[in-house]
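Me: I have a structure to go through with you. Can you take my questions one at a time?

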Amino acid sequence: MGVDFPKRAVHGGIGKRHMEKTNKTVLDFSASVNPYPPRFTWNMDPDRLSEYPDDTYTALKERISDVFHKDPAEICVGNGSIELIRAFCSVVFRNGSHKHSFFVESPTFGEYSLSAHLAGAVRAETQTDADVSFLCNPNNPTGRLLTRDEVIDRFHATQKNGGLLFCDEAFIELANPSQSVADLCDPDLFVVRSLTKCFSVPGIRFGYGFGDPAFIEKIETARSPWGVNAYAEAYAMEAFLHMDELAVSRSRIETERLWLISEIQALGMHCNPSSTNYILIDSGRKVTPLCERLASFGVLVRDCTSFSLPESLRVAVRTREENEKLIGALAACVR
């Protein structure tokens, strides 16, 4: 095995591991999921577990097509959006005489670079030189949301240079879905989404994507067979009927986000402008000791050192009661 083999990307969502290690209850602000998800009844027939899922996911794709007004041939599904990122990279960066390159702005989600490197691509210095550009909208960890027109401009610039655009909209349903480009269909554009962020069910692992039918067929070949299990499929079939209810989530998140930003800045720290359910905070100090101390108060946050932001942390926007506990722990740690 070569010495240059990449290391795993660092992620939030460490609550379960921390509780298993310490046997203590925690508030996990390192995972950015909807604090106000739609509530509905759904059922999973246990007899379904004795059968393989339909690996074409025909019924599921038809449900998604009804919601997004897309042809089912333009839709793919996977075991979380990360499986689709990996499948995308394995398709576009296949070995050949040409050494593929990709462009990604920093800071952003680490799986783009990792998945591209695993597929044999190298990072380009500019978008002009890249075969593929990755765009996270809204961006993780900054929370910045580009407008639809800004994304289309970037797409056209990428396309003009002969490249593809991968647009990750995993959090857009919790920001402003009117800025989405998922309605577009072009061979040079691939859009990925996540159901589990907006419905606060990351444990089921479910992602879906939109693209040109010929490209989607390749993604379907590259992804793992039966990647969406029967439990996740049953939940997704019902959840897609409740997408409109996320408007209430967005409104409540915005109220809590504004309150949380005000309270954090009153403690002398700077919050980056955010359009979604997490906030990037400049603490003005080395952040790892601060994160460790917060953990001693039972509050987990995202240490952004792995984003090359050693003085920053990212916190999820949660309910008011939970957010008050975060502020209390932060106050005790920074004053």
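Me: Start small. In E10, what is the bridge partner of His270?
Reply: Asp282 is the partner of His270. Keep in mind that this is a predicted model.

Me: How many bridges join E9 to E10, and which way do the strands run?
Reply: There are two bridges between E9 and strand E10, residues 278–282, and the two strands run antiparallel.

Me: What is the strand order in that open sheet?
Reply: The four strands go E9-E10-E13-E12, with antiparallel pairing.

Me: Which strands stand at the edges?
Reply: Strand E9 (270–271) and strand E12 (302–303) do. Each has a single partner strand, so one side of each is left without a neighbour in the sheet.

Me: Switching to packing. How many residues are in the largest nonpolar core?
Reply: That core has 63 residues. Those with the most contacts inside it include Ile64, Leu195, Phe206 and Phe240. Helix H11, residues 320–334, gives the most to this core, with seven residues.

Me: What is Phe206 in contact with, leaving aside neighbours within four places in sequence?
Reply: Among its contacts are Leu60, Ile64, Val77, Leu195, Val228, Ala236 and Phe240, along with Gly78 and Gly80.

Me: Which residues does the second, separate core include?
Reply: Val92, Tyr112, Phe134 and Phe215 are among its 26 residues.

Me: Pockets next. How much space lies in the second largest one?
Reply: About 380 Å³. Of its 20 lining residues, Thr108, Phe109, Gly110, Ser113 and Ser306 are the closest to the centre.

Me: Which helix gives the most to that lining, and what is the lining by class?
Reply: Helix H4, residues 111–118, gives the most, with three residues. The lining has eight nonpolar, seven polar and five charged residues.

Notes:
Residues are numbered from 1 along each chain as its sequence is written. This is a predicted model: local features need pLDDT of at least 70, side-chain atom pairs count only at pLDDT 80 or more; totals for chains, interfaces and linings use all residues. Side-chain values use heavy atoms; hydrogens and water are left out. Two strands pair if DSSP finds at least two bridges between them. A nonpolar core is a set of buried Ala, Val, Leu, Ile, Met, Phe, Trp, Tyr and Cys residues joined through side-chain atoms within 4.5 Å. Buried means under 20% relative accessible area, exposed over 50%, partly exposed in between (1.4 Å probe, protein chains only). Contact means heavy atoms within 4.5 Å. On a 1 Å grid over the protein atoms alone, a cavity is a set of points where a 1.4 Å probe fits but cannot get out, and a pocket is an open set with protein on both sides within 12 Å along at least five of seven lines; lining residues have an atom within 4 Å of a point. Grid points are joined across faces, edges and corners, and a volume is the space filled by probe spheres set on the points. Ala, Val, Leu, Ile, Met, Phe, Trp, Tyr, Cys and Pro count as nonpolar, Asp, Glu, Lys and Arg as charged, and the others, Gly among them, as polar.
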